[in-house]
Amino acid sequence: MSKKQKQTLWRILASAVLLAAAVLLPLEGWFRLCAFLVPYAVIGWDVLWRAARNISHGQVFDENFLMAVATIGAILLGDYKEGVAVMLFYQIGEFFQSLAVKRSRKSISDLMDIRPDVASVLRNGELRTVSPESIAVGETIVVKPGEKIPLDGTILDGSSMLD
């Protein structure tokens, strides 16, 4: 997990605890509103900031703006718990999405490491080690036991099993 993801996870946990406390506290009026605004500020400040920044740049209808409108609307209607919960669940979804993107990028970069850096090619009767990019169509590649196959091709001689 990256530093930013750890910070987001801690914000999610802190906001969830604060939301549970606000729900359980027997408060009325402005005190109740303030009790719910604390977890809302903890979990939603970055979404509200991005929404305001995007609006100032002329990009109004994005997910940050819609989340801000939905949650602020719920709070203005008196549904404090729902407003905070929606923002909390949104941030949980964003957190899991960032984890999935990070894992996907790592998987793709790991796949890129499978490709061998060198290939053995038969040129003018002698075996040369070259980069796969320098092999021309029609040249003969020699693949020794245990080596990775550097390029697509047709088997000219011999037999083997591939994984």
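In this predicted model, helix α3 is followed by G78, a residue whose phi is positive, near 95°. The helix itself has the span expected of its length: at 1.5 Å a residue, the 14 residues of α3 should cover 20 Å, and the C-alpha atoms at its ends are indeed 20 Å apart, so the two values agree. Several residues of α3 are buried, namely N64, F65, M67, A68, T71, A74 and I75, and the cover over these buried positions includes α2 and α4.

L66 also lies in helix α3, but with a relative accessible area of 49% this residue is partly exposed, because the value falls between the limits of 20% for buried and 50% for exposed residues. Together with I55, V60 and F61, L66 forms a nonpolar patch on the surface, and the accessible area of these residues together is about 400 Å².

Attention may now turn from the surface to the interior. The largest nonpolar core contains 19 residues, of which L19, F36 and M87 touch the most other members. Two or more residues are given to this core by each of the elements α1 (3-24), α2 (29-56), α3 (63-76) and α4 (80-112), and the greatest contribution, 8 residues, is that of α4. When neighbours within four places in sequence are left aside, the contacts of L19 are with F36, P39, K81, V84, A85 and L88.

A further view of the interior is offered by I12, which is placed in helix α1 and counts as buried, because its relative accessibility of 7% is under the limit of 20%. Leaving aside neighbours within four places in sequence, I12 is in contact with I43, L88, Q91, I92 and F95. Of these partners, L88 is 76 residues away from I12 in sequence, yet the C-alpha atoms of the two residues are 6.8 Å apart in space. L88 is likewise among the contacts of L19.

Charged side chains were examined next, and the count of salt bridges comes to 5. One of them joins R11 to D46, with the closest N and O atoms 2.9 Å apart; this pair links distant parts of the chain, since R11 belongs to helix α1 and D46 to helix α2, with their positions 35 residues apart in sequence. Both partners are buried: R11 has a relative accessible area of 16%, and D46 has a relative accessibility of 12%.

D46 forms a salt bridge with R50 as well, and here the closest N and O atoms are 3.5 Å apart. In this case both residues lie in helix α2, 4 residues apart, which is about one turn of the helix. R50, with a relative accessible area of 24%, is partly exposed, because that value is not under the 20% that marks a buried residue.

Another salt bridge is formed between E126 and R128, whose closest N and O atoms are 3.2 Å apart. Both of these residues are partly exposed, E126 with a relative accessible area of 41% and R128 with one of 37%. Salt bridges that share partners, by contrast, join R11, D46 and R50 into one network.

The loops between the strands remain to be described. N124 is found in the loop between β1 (119-123) and β2, where its relative accessibility of 76% makes it exposed, because this value is over 50%. Most residues other than glycine have a negative phi. N124, although it is not a glycine, has a positive phi of about 55°.

V137 has its place in the loop between β2 (126-130) and β3 (140-142), and at 89% relative accessibility this residue too counts as exposed. The C-alpha atom of V137 is separated by 53 Å from that of R53, a residue 84 positions away along the chain.

Note on methods. Residues are numbered from 1 along each chain as its sequence is written. This is a predicted model: local features need pLDDT of at least 70, side-chain atom pairs count only at pLDDT 80 or more; totals for chains, interfaces and linings use all residues. Side-chain values use heavy atoms; hydrogens and water are left out. A nonpolar core is a set of buried Ala, Val, Leu, Ile, Met, Phe, Trp, Tyr and Cys residues joined through side-chain atoms within 4.5 Å. Buried means under 20% relative accessible area, exposed over 50%, partly exposed in between (1.4 Å probe, protein chains only). Contact means heavy atoms within 4.5 Å. Patches are made of residues with over 30% relative accessible area and no salt bridge: like charges are joined within 9 Å, nonpolar side chains (Val, Leu, Ile, Met, Phe, Trp, Tyr) within 5 Å. Accessible areas come from the Shrake-Rupley method with a 1.4 Å probe; for residues, only the protein chains shown count as cover. A salt bridge is a side-chain nitrogen of Lys or Arg within 4 Å of a carboxyl oxygen of Asp or Glu. The expected span of a helix is 1.5 Å times one less than its number of residues.
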